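User: I am new to this structure and would like to be guided through its interior. Please begin with any term that I shall need.

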Amino acid sequence: MPYSDHPVFDPPNDSQLVWRYMDFPKLMWIIQKEKLHFHRADDFSDPFEGTTPKALKQLRDKSLREAQSEIDSEEVDLLKQWSKGVKNFRKSMFLNCWHANDTESAAMWDLYGNEDKSIAIVSTIERMKDAFKETEETVYIGDLFYVDFYSDLHDIDRESEAKIARVINRTENPNAFQQILFKRQEFSHEHEVRAVISDMSNMGDEEENSKLYFNISIDINKLIEGIYIAPDTPSWFSQVVGNAVNESDLDLTANDVHPSRLDEDPWY
């Protein structure tokens, strides 16, 4: 199945520019394989990836305790079951992450570039949706919500509270997909939009049988609008990237490989 709508996910408008920063070998892999790499949520460097803000956990636990009292059974512990489910659910979520911005980002070059031999693919939300139309997997696309992960429900700031409410109100019942759209506000500079694939068969306890990633086939020409070269990059590298694009099956040409605007001279 291709890109799909989901009540929890709410992508930006279709014209929003999105950027994927990487080194040159990764670009060549994407061009040659015509695939995108989706990595498992619990294997990211951020240990909070796909987890729950404390305030949302408290709100969820309150709701589950009320449901527990209605069941009136000592054999069912909904809080423990749900927490275990949340932890295991991260194994079923596979992410491909983009930076939403109308321009390139100096901070993202520093974070995700490989010194000065880096590039950025630029696309749009509409292009991403079109690129996934022929994939076998169902792909969801959503904006991240950067919130206070640490404060109790009664102490959380109003902005974080509103963002949490905005997500959980999209569905009538607690939904594990909600947690994949929250990230600590300390990462808000990333302005992340993520494409997400879910494989519920990967939630088991047998780690040796668990998948760590999916490489998903895409329509590469629909995905890529242009390519930008990292700032402070030597001219020969720009020529290498341009030649690689010309020799590929991309509809792009070397004219679609752009130097970083950060390299422009100032005006006096």
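Analyst: A residue is called buried when its relative accessible area is under 20%. The model discussed here is predicted.

User: How many of the residues of strand β8 are buried?

Analyst: Strand β8 spans residues 192–198. The strand is mostly covered. The number of its 7 residues that are buried is 6.

User: Which residue of β8 is the bridge partner of Y140?

Analyst: Strand β8 pairs in the antiparallel sense with β3 (residues 93–100) over 7 bridges, and with β5 (residues 140–143) over 4 bridges. On the β3 side, L95 stands opposite V196. For Y140, the bridge partner in β8 is V196.

User: Which helix gives the largest share of the largest nonpolar core?

Analyst: This core has 39 residues, of which F38, F132 and V241 touch the most other members. Among the contacts of F38 are F132, A195, V196 and I197. The largest share of the core, 5 residues, comes from helix α1.

User: Why can the buried residues of α8 be placed on the same side of the helix?

Analyst: The buried residues of α8 are F237, V241, G242, A244 and V245. They lie on the same side of α8 because the arc that they cover around the axis is only 160 degrees.

User: Which exposed residues does the face of α8 turned away from its buried side carry?

Analyst: The buried residues of α8 are covered by elements including α1, β4, β10 and β11. On the face turned away from that buried side, the exposed residues are S235, Q239 and E247.

Note on methods:
Residues are numbered from 1 along each chain as its sequence is written. This is a predicted model: local features need pLDDT of at least 70, side-chain atom pairs count only at pLDDT 80 or more; totals for chains, interfaces and linings use all residues. Side-chain values use heavy atoms; hydrogens and water are left out. A nonpolar core is a set of buried Ala, Val, Leu, Ile, Met, Phe, Trp, Tyr and Cys residues joined through side-chain atoms within 4.5 Å. Buried means under 20% relative accessible area, exposed over 50%, partly exposed in between (1.4 Å probe, protein chains only). Helices (H or I, at least four residues) and strands (E, at least two) are DSSP runs, numbered from the N terminus. Contact means heavy atoms within 4.5 Å. Two strands pair if DSSP finds at least two bridges between them. The arc is that of the directions from the helix axis to the C-beta atoms. Lists of a residue's contacts leave out its neighbours within four places in sequence.
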